[in-house]
Amino acid sequence: MIYKFRAIVDAEEDVFRDIAIQEDDTLEDLHNALVNAFGFDGLEVASFYTCDDTWNQEDEIPMFDTGDIAGEQKTMSDYQLNDLLDKEQTKIIYVYDFINMWTFLVELAAVEEAEPGETYPTLLFSHGELPAIAPEKEFEAEGDDFYSEFEDDLDEDDLDGFGDDSFEDYGFEENWN
């Protein structure tokens, strides 16, 4: 079977690519197809992230084993597409270049029979131009304001004791000669 994906740049402009790839190809094969489809040089590190139906990021699947014990962490090459994605679980997030954070929402759009004589992966459709720089991300914490946990009941009057001359002078200049 062939998986047909739509990879959308997480940006305001509509920029996406449709890719057909064999269901038993790996996430690494999909990574390479995405790099080629969007015209990247392929020299940067990337990861896939599992997600829920509303694109909330879950588990990372990196290109390389970055774990403390070699061989313990699974990488893109360890996962066939049909291990993670099917008609019920259709979404995965792809991040390319962790400096610029190119982020793509990748969704399985169709599962079809292979076309005789066709080679896969293949770019089916291209829409829009990739911006010159990656769109800026806004990271927001869920729930309460992050800084509220540092709030206390102290105000300026409580800190007045630190502004008077009640502390002994230890001769700062003398200690540094």
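Student: Leaving aside neighbours within four places in sequence, which residues is Asp59 in contact with?

Tutor: Good place to start, and keep in mind that this is a predicted model. Asp59 belongs to strand β4, which covers residues 57–62. Its C-alpha atom is 8.3 Å from that of Phe48, a residue 11 positions away in sequence. Once neighbours within four places are set aside, the contacts of Asp59 are Phe48, Tyr49 and Thr50.

Student: Does Asp59 count as buried or exposed?

Tutor: The cut-off for exposed is over 50% relative accessible area. Asp59 has a relative accessibility of 54%, so this residue counts as exposed.

Student: Thanks! In what order do the helices and strands of the protein chain run?

Tutor: The protein chain holds three helices and seven strands. Read from the N terminus on, their order is β-β-α-β-β-α-β-β-β-α.

Student: How many residues of strand β5 are buried?

Tutor: Let's take the two faces of β5 in turn. On one side Lys91, Ile93 and Val95 are buried, and on the other side Ile92, Tyr94 and Tyr96 are buried too. In general, side chains in a regular strand alternate between the two faces of the sheet. For β5, residues 91–96, the buried count is six of six.

Student: Which residue in β6 is the bridge partner of Ile92?

Tutor: Strand β5 has pairing partners worth meeting here. With β3 (residues 46–51) it pairs in the antiparallel sense over five bridges, and there Ala46 stands opposite Tyr96. Six bridges join β5 to β6 (residues 102–112), again antiparallel. Within β6, the bridge partner of Ile92 is Val106.

Student: In the hairpin of β5 and β6, which residue takes a positive phi?

Tutor: Five residues lie between the two strands of this hairpin. The one with a positive phi, near 70°, is Asp97.

Student: Which residues make the nonpolar surface patch of about 260 Å²?

Tutor: One member, Phe98, sits in the loop between β5 and β6. Phe98 has 32% relative accessibility, so it counts as partly exposed. The patch is made by Val45, Phe64 and Phe98.

Student: How far apart are the closest N and O atoms in the salt bridge of Lys4 with Glu112?

Tutor: The structure has two salt bridges. This one links distant parts of the chain, since Lys4 is in strand β1 (residues 2–9) and Glu112 in strand β6, 108 residues apart. Lys4 is partly exposed at 24% relative accessible area, and Glu112 is partly exposed at 31%. Their closest N and O atoms are separated by 2.6 Å.

Student: Which residue meets Arg6 in a salt bridge?

Tutor: The N to O distance in that pair is 2.7 Å, and the partner is Asp18. The pair joins strand β1, home of Arg6, to strand β2, with their positions 12 residues apart in the numbering. Arg6 is partly exposed, with 33% relative accessible area, whereas its partner is buried at 13%. That partner is Asp18.

Student: Asp25 is buried yet has no salt bridge, so how far away is the nearest side chain of opposite charge?

Tutor: Asp25 lies in the loop between β2 (16–22) and α1 (27–38). Beyond its neighbours within four places in sequence, Asp25 is in contact with Tyr79, Gln80, Leu81 and Pro121. The nearest side chain of opposite charge is that of Lys4, at a distance of 14 Å.

Key
Residues are numbered from 1 along each chain as its sequence is written. This is a predicted model: local features need pLDDT of at least 70, side-chain atom pairs count only at pLDDT 80 or more; totals for chains, interfaces and linings use all residues. Side-chain values use heavy atoms; hydrogens and water are left out. Helices (H or I, at least four residues) and strands (E, at least two) are DSSP runs, numbered from the N terminus. Buried means under 20% relative accessible area, exposed over 50%, partly exposed in between (1.4 Å probe, protein chains only). Two strands pair if DSSP finds at least two bridges between them. Contact means heavy atoms within 4.5 Å. Lys and Arg count as positive and Asp and Glu as negative; His and the chain ends are not counted. A salt bridge is a side-chain nitrogen of Lys or Arg within 4 Å of a carboxyl oxygen of Asp or Glu. Patches are made of residues with over 30% relative accessible area and no salt bridge: like charges are joined within 9 Å, nonpolar side chains (Val, Leu, Ile, Met, Phe, Trp, Tyr) within 5 Å. Accessible areas come from the Shrake-Rupley method with a 1.4 Å probe; for residues, only the protein chains shown count as cover.
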